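Trainee: Could you take me slowly through one buried serine and its surroundings, saying at each step which cut-offs lie behind the terms?

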Amino acid sequence: MYIFGYGSLMNSSSRQLTGQTGAAIPAIVHGLVRHWSKIDDSYVLSPLVVNKGQGQVNGVLLKVDDEALDEFDIRERGYHRIKLSPEQIELNIDSKNHAEAFDSQQAIWVYINDEVIAPSQQSPIVQSYVDTVMAGCLEVSEKFAEHFVTHTKGWHHPFENDRHQPKYNKLAGVAEHHHSVIDGLLTDVRCEA
């Protein structure tokens with residue numbers, strides 16, 4: 001079976017903090033919309049959520065077994081897991097070499113949240129989480145990272161640069177050279193804020 005990771009799970013170092021997966025197969029899922037959103041008042045940051053809607057979300061398909069699925073269920077508390085249909089999946093142009101590795105007959109799960117709650121000053125979008133997600137996108141390509149920025153809603157909400165004191169506890173896989181690339185990709189959306 002597969003998990004479709006559309007946030008920090010795109011980052012190989014971050015997801016390894018939770019469990020083992022097979023190779024990450026870049027893909028686009030149709031029929032989902034990605035937002036910055038609070039989960040609940042216990043969070044000190046606003047992570048990404050997806051819900052059903054007219055949109056497309058890029059991410060990675062991760063092959064998992066039952067044990068890993070249980071581990072990721074714990075990591076993704078505050079979300080619920082639903083099945084995706086194979087017809088929603090478009091293998092990313094950057095992943096044609098993975099086309100044979102993807103078995104569309106397997107179950108494909110995604111963690112969603114039906115309610116979108118605007119980030120606030122108490123639970124802002126934080127740079128350490130953005131860096132983790134975008135470093136994961138950059139594992140695929142800069143074009144993949146651009147797609148992430150373009151197809152994510154809510155960049156105008158409160159934002160905190162916490163690079164010097166990261167609030168995101170699964171920060172991983174972000175190197176110094178990523179910062180300038182990430183900042184460049186975010187220039188337009190941060191200017192709209």
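**The surroundings of Ser14**

Mentor: Setting aside neighbours within four places in sequence, Ser14 is in contact (heavy atoms within 4.5 Å) with Ser8, Arg75, Thr132, Tyr168, Lys170 and Ala172. The model is predicted, so local features need pLDDT of at least 70 and side-chain atom pairs count only at pLDDT 80 or more, while totals for chains, interfaces and linings use all residues. Residues are numbered from 1 along each chain as its sequence is written, and side-chain values use heavy atoms, with hydrogens and water left out.

Ser14 belongs to helix α1, residues 12-15, where helices (H or I, at least four residues) and strands (E, at least two) are DSSP runs numbered from the N terminus. Ser14 counts as buried because its relative accessibility is 0%; buried means under 20% relative accessible area with a 1.4 Å probe, protein chains only.

Among the partners of Ser14, Arg75, Tyr168 and Lys170 lead to the largest pocket, which holds about 480 Å³ of space. Tyr43, Arg75, Tyr168, Asn169 and Lys170 are the closest to its centre of the 24 residues that line it, and the elements giving two or more residues to that lining are β1 (2-5) and α2 (66-75). A pocket here is an open set of points on a 1 Å grid over the protein atoms alone, where a 1.4 Å probe fits and protein lies on both sides within 12 Å along at least five of seven lines, with lining residues having an atom within 4 Å of a point; its volume is the space filled by probe spheres on those points, which are joined across faces, edges and corners.

Another partner, Thr132, is one of the buried residues of α3, as are Tyr129, Val133 and Met134. Helix α3, residues 127-140, reaches 20 Å from its first C-alpha to its last, close to the 20 Å expected at 1.5 Å a residue, the expected span being 1.5 Å times one less than the number of residues. Because 12 of its 14 residues are buried, α3 is largely enclosed by the rest of the structure.

Met134 in turn is among the residues with the most contacts inside the largest nonpolar core, of 55 residues, alongside Leu61, Ile89, Val110 and Phe148. Such a core is a set of buried Ala, Val, Leu, Ile, Met, Phe, Trp, Tyr and Cys residues joined through side-chain atoms within 4.5 Å. Its largest share, seven residues, comes from strand β3, residues 48-63.

Technical notes: Buried means under 20% relative accessible area, exposed over 50%, partly exposed in between (1.4 Å probe, protein chains only).
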